[in-house]
Amino acid sequence: MTDTIGALPKRPDLSLSVSARPNPGLTPMMLNHAAWVTPDAAATAEFYTRIMGMDLVSTVIEDTSPSTGLKIPYFHLFFRMADGSTLAFFEAPGVPPPAKSSHIAYDVFTHVALQAADRSEVMRWYEWLKSNGLDVQGPTDHKGLILSIYFTDPAGLRMEITTPLDKNWNRHDAKAKADLDLWANTKKKAIEEGRDVVQAMTDLCVEVRRRYERETGSAGHAVSA
C-alpha cells in the first residue's frame, strides 16, 4: 500500500481569535487555479480541450505532494481560460472513488462557475453542450443577477456557464453585508431560543423572497443553485 504519511494544515477557527485585526490590504489578484481529483486524466483533457475549448498548458508528474509531504503518485494538469486563469486536476492511481455525499446539497452547491460574454453566448454553450450529449440544466435566471446553465464534467464536477444580467452583480457590498448579518443573527436567535434552526432559516428565506417579489413586482420563485 502506498505510504501516505504527511501533514495537512489544520482548519482555522476564527472564533478563537483574540485580536480580530483588520486585513492589512491583502486581496488576491485573480484566480490562479482551482483543482480537483479526476479518475482519468485523458478523459478530462479531452473534455476541457475539445468541449470547453481550453488549452492544456502545464503538467506535473510526481510521487510526493510538495506542500504536505504526502507520498501519492500523481499527474497534475492545468487548463487555461481566456483571462489566463486555470482549472487543474490530479489523477492519482490507487486513490479510491470519493465517498458518497451525506446529502444532495453537497452535490448541488459545490460547483465551479465560468463566465460567458453575454446571454447569447450562454445559449451557444447550451446548444454546443447538448449536441455533445451532455445533460444540461437551465437556463436559470437568478433573480436578475446572473443567467446560468449547469452540467457535469467526466470527473463528476458540477459546472456552470454564467453571464451577469446586472452589470453591478458583484458590487452590492452593503446589501451583502446586511444579508450576512440577517442570516447570522437569525440563526443565532433560533439557537438561543431553542427553535428548530432549519425551520427558522426556511422562514427567513420565504420572508426574503416575498420582499423581493414586492420590490420587483415579479412573480418570484425559489432560485436554483
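Helices, taken as H or I runs of at least four residues, and strands, taken as E runs of at least two, are DSSP runs numbered from the N terminus. On this basis, the protein chain of the predicted model contains five helices and eight strands, and its elements follow one another from the N terminus in the order β-α-β-β-β-α-β-α-β-β-β-α-α. The chain comprises 225 residues, of which 24% count as buried, and its accessible surface amounts to about 15800 Å², with 57% of that area belonging to carbon and sulfur atoms. Among the contacts in the protein chain with a separation of 6 or more, 51% are accounted for by residues 24 or more positions apart.

Charged side-chain pairs were examined next. Side chains of opposite charge can pair when their charged atoms come close. Six salt bridges are found in a search of the whole structure, among them two whose partners both lie in helix 4. In one of these, the side chains of K175 and D179 meet with an N to O distance of 2.6 Å; the two residues, being four residues apart in helix 4, which spans residues 173–193, are separated by about one helical turn. K175 is exposed, at 52% relative accessibility, because a residue counts as exposed when its relative accessible area is over 50%, whereas D179, at 30%, is partly exposed.

The other salt bridge within helix 4 joins the side chains of D181 and K177, with an N to O distance of 2.8 Å. D181 and K177 are likewise four residues apart in helix 4 and are thus separated by about one helical turn. Both partners count as partly exposed, with a relative accessibility of 32% for D181 and 48% for K177.

A further salt bridge is formed between the side chains of D63 and K71, for which the N to O distance is 3.8 Å; this pair still qualifies because the cut-off applied to the nitrogen and the carboxyl oxygen is 4 Å. D63 is partly exposed, with a relative accessible area of 39%, and K71, at 32% relative accessibility, is also counted as partly exposed.

The loop between strand 8, which covers residues 158–164, and helix 4 contains H172. With a relative accessible area of 35%, H172 is partly exposed. When its neighbours within four places in sequence are left aside, H172 is found in contact with L145 and D166.

Conventions:
Residues are numbered from 1 along each chain as its sequence is written. This is a predicted model: local features need pLDDT of at least 70, side-chain atom pairs count only at pLDDT 80 or more; totals for chains, interfaces and linings use all residues. Side-chain values use heavy atoms; hydrogens and water are left out. Buried means under 20% relative accessible area, exposed over 50%, partly exposed in between (1.4 Å probe, protein chains only). Contact means heavy atoms within 4.5 Å. Accessible areas come from the Shrake-Rupley method with a 1.4 Å probe; for residues, only the protein chains shown count as cover.
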